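Okay, thanks for making time this morning. I've got one model to show you, so let me put it up.

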Amino acid sequence: DITYNDLIKSSEDDLRSILKEDCKLKSKAIMRIINIIRELPESMIYKIYHQSPPIQYVVISPEEHEAITKTKKESDRINNVISNMSGIITKLISHKPSHQNYINQQFDAIIESVNIRRNE
């Protein structure tokens, strides 16, 4: 006899085997039972289907690793340059009013100098 604990604690393959060989059920009945068990949060089948995906690793050649490392270093360098440029732009923007005043004063001095020459 198969018990509730057998249903809950069995993996899908084990349960399929038990239902087919011990209980002599047809494939359609086995599929229905497994689908029902798959929906029960306390079942092993549910837990397997709802666990996070396994960590996957990729094997690469030394040349690929070197290329990836170089690309990462270059990317980091470019990010640093962009960060520095952003800081410089921020400083320029914050100093804009004082620089604009200085430029206006210089133009005013030039215009005054030109006007003085015209009047001479």
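I'll start with the overall fold, then go to the core, then to the surface.

First off, keep in mind that this is a predicted model. We're looking at 5 helices and 0 strands, so to speak an α-α-α-α-α run from the N terminus on.

Now the overall dimensions. The C-alpha atoms fill a box of roughly 120 × 40 × 20 Å along the principal axes. The radius of gyration is 38 Å, whereas a compact globule of 120 residues would come in near 14 Å. Buried residues are 11% of the 120. The accessible surface comes to about 10700 Å², with 57% of that belonging to carbon and sulfur atoms.

Okay, so where's the core? The largest nonpolar core has 7 residues: Leu-7, Leu-15, Leu-19, Ile-30, Ile-34, Ile-37 and Ile-45. Two elements give two or more residues to this core, helix H2 (12-22) and helix H3 (27-38), and H3 has the largest share, with 3 residues.

Take Ile-45 from that set. Leaving out neighbours within four places in sequence, Ile-45 is in contact with Leu-15, Ile-34 and Ile-37, and also with Ser-10, Ser-11, Glu-12 and Arg-38.

Now over to the other end of my list, the surface. In soluble globular proteins, nonpolar side chains tend to be buried together. Here, though, Tyr-102, Ile-103, Phe-107, Ile-110, Ile-111 and Val-114 form a nonpolar patch on the surface. Together they have about 600 Å² of accessible area. Phe-107, one of that group, lies in helix H5, which covers residues 62-119.

That's what I have; happy to go back to any part of it.

Key. Residues are numbered from 1 along each chain as its sequence is written. This is a predicted model: local features need pLDDT of at least 70, side-chain atom pairs count only at pLDDT 80 or more; totals for chains, interfaces and linings use all residues. Side-chain values use heavy atoms; hydrogens and water are left out. Patches are made of residues with over 30% relative accessible area and no salt bridge: like charges are joined within 9 Å, nonpolar side chains (Val, Leu, Ile, Met, Phe, Trp, Tyr) within 5 Å. Accessible areas come from the Shrake-Rupley method with a 1.4 Å probe; for residues, only the protein chains shown count as cover. A salt bridge is a side-chain nitrogen of Lys or Arg within 4 Å of a carboxyl oxygen of Asp or Glu. Helices (H or I, at least four residues) and strands (E, at least two) are DSSP runs, numbered from the N terminus. A nonpolar core is a set of buried Ala, Val, Leu, Ile, Met, Phe, Trp, Tyr and Cys residues joined through side-chain atoms within 4.5 Å. Buried means under 20% relative accessible area, exposed over 50%, partly exposed in between (1.4 Å probe, protein chains only). Contact means heavy atoms within 4.5 Å. The radius of gyration is taken over C-alpha atoms; the globule rule is 2.2 Å times the number of residues to the power 0.38.
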